[in-house]
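Let's take a look at how aromatic rings meet in this structure. Have the sequence and the 3D view ready as you read.

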Amino acid sequence: MAEHISLAVIGGGPAGLAAAIAAYDSGITDVTVFERDSELGGILNQCIHNGFGLHTFKEELTGPEYAGRFIAQARERGINCETGSMVLSLTPEREITVVSRDKGLRVIQAEAVILAMGCRERPRGALNIPGTRPQGIYSAGTAQKLVNCEGVLPGKEVVILGSGDIGLIMARRMTLEGAHVKAVAELMPYSGGLKRNIVQCLDDYGIPLLLSHTVVDIKGKRKLEGVTIAEVDSTGTPIPGTEKYYECDTLLLSCGLIPENELSLTAGIRINGMTNGPAADDRLGTSIDGVFACGNVLHVHDLVDFVSEEAGRAGRNAARYIRERGKKNEPRVIGVTAGNGIRYTVPCTIDAANADEDIHLRFRVRNVYKGCTISVSSGDRELLAKKKRITVPSEMEDIILSKDVISGLTGGITVEIKEGGV
């Protein structure tokens, strides 16, 4: 027989905890958080550097400190958090199957479900790097866990492929632990990480950032001996004659993050092809009624503070769904289109007839744009224009549209970049 609960939150990281707390504070106290790891906190437990919490708590915290604040809030409220619990499946009827050592295999029927499973790193197999498969090649996140949690230094002579934030942070971390980071190579003509991390993690330590470069060969059979890096053209093709060999015993891969959406796919949730996360509406609801998504499982964020804010909205909306099922006005759904220069938007759709709060419209641009304007329009009517000195793909943009503007719309919304004029 299935157990019944009001709200199931899948994932006990920063998104899941913030969502559970918000739902509890909105009146839904029958909440259970399912976390597959032995501890709450998610990836933040291995992020011992500071820089977290400036938006949420108005002070600078380390990753474990930031997670600890939410863990404490969940415990103060008595929210049921089941660690060591793996959710195996989710059905369109919001029935989940979960297994744990303590309670065995269970089937649980939830009135609402929040997906907060986070994301994973893109592996070497997805990068098409030629060469052998020797010991010494790690994802940046794996290296971070080895150094910060296990006290193990993977190597002494290091090359990093990809300039995502984890890779940049690990360049500094490896240096502080006594390793020599020879270079960070980035396939794109711009960095994949935040500007502050480029300055604090590379520039401050004299580590070169090689833009429009990639690894074209790996040397070593049993153990990594070195890598060859070459410059690439505008199509990402290596340019002959630009190869340079770097002797190293460690290669860290920091080439992007992928939302962890196996549960979403098996449940039949519609996926956004650009984010690899669920296609969400303005209440962060998915294509399955009563199933919501937030955090990096929805789209990859650059700041955990934004994850917490978004998860709070998901928690409040899930609570509202449980309280008000069948009480909404007839929906009037309008689409949100990613126009010129925009890679994707969250949400993908908005219910204009039931817009009872301001809407966060989050997106990433496709390229580096200087002196541009972010324009949001509906038909011939411009709803908002925001001038920007510079926009970059590594930094998520956030625009707030008022509920009064949204409620009056009958046609779709387009978000686009207009270059020049700033």
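Start with Phe70: its relative accessibility is 7%, so this residue counts as buried. Keep in mind that the model you're looking at is a predicted one.

Phe70 has a partner in helix H2, which covers residues 63–77. That partner is Tyr66, four residues away, or about one turn of the helix. Tyr66 is buried too, because its relative accessibility is 0%. The ring centres of Tyr66 and Phe70 are 5.3 Å apart and the planes make an angle of 45°, so this pair is called tilted.

Now bring in Phe57, which has a relative accessible area of 19% and is therefore buried, the cut-off being under 20%. How many aromatic pairs does a search of the whole structure turn up? It finds four. One of them joins Phe57 to Tyr66: with centres 5.5 Å apart and planes at 70°, the pair is edge-to-face.

Here are the two pairs side by side:

| Pair | Centre distance | Plane angle | Type |
|---|---|---|---|
| Phe57 and Tyr66 | 5.5 Å | 70° | edge-to-face |
| Tyr66 and Phe70 | 5.3 Å | 45° | tilted |

Put together, Phe57, Tyr66 and Phe70 make up one aromatic cluster.

There's a charge to spot here as well. Which ring does the charged end of Arg69 sit over? It's the ring of Phe57, with the charged end 5.0 Å from the ring centre.

Methods. Residues are numbered from 1 along each chain as its sequence is written. This is a predicted model: local features need pLDDT of at least 70, side-chain atom pairs count only at pLDDT 80 or more; totals for chains, interfaces and linings use all residues. Side-chain values use heavy atoms; hydrogens and water are left out. Rings of Phe, Tyr and Trp (its six-membered ring) pair if their centres lie within 6.5 Å; planes under 30 degrees apart count as stacked, over 60 as edge-to-face and the rest as tilted. Buried means under 20% relative accessible area, exposed over 50%, partly exposed in between (1.4 Å probe, protein chains only). Helices (H or I, at least four residues) and strands (E, at least two) are DSSP runs, numbered from the N terminus. A charge sits over a ring if NZ of Lys or CZ of Arg is within 6 Å of the ring centre and within 35 degrees of the ring normal.
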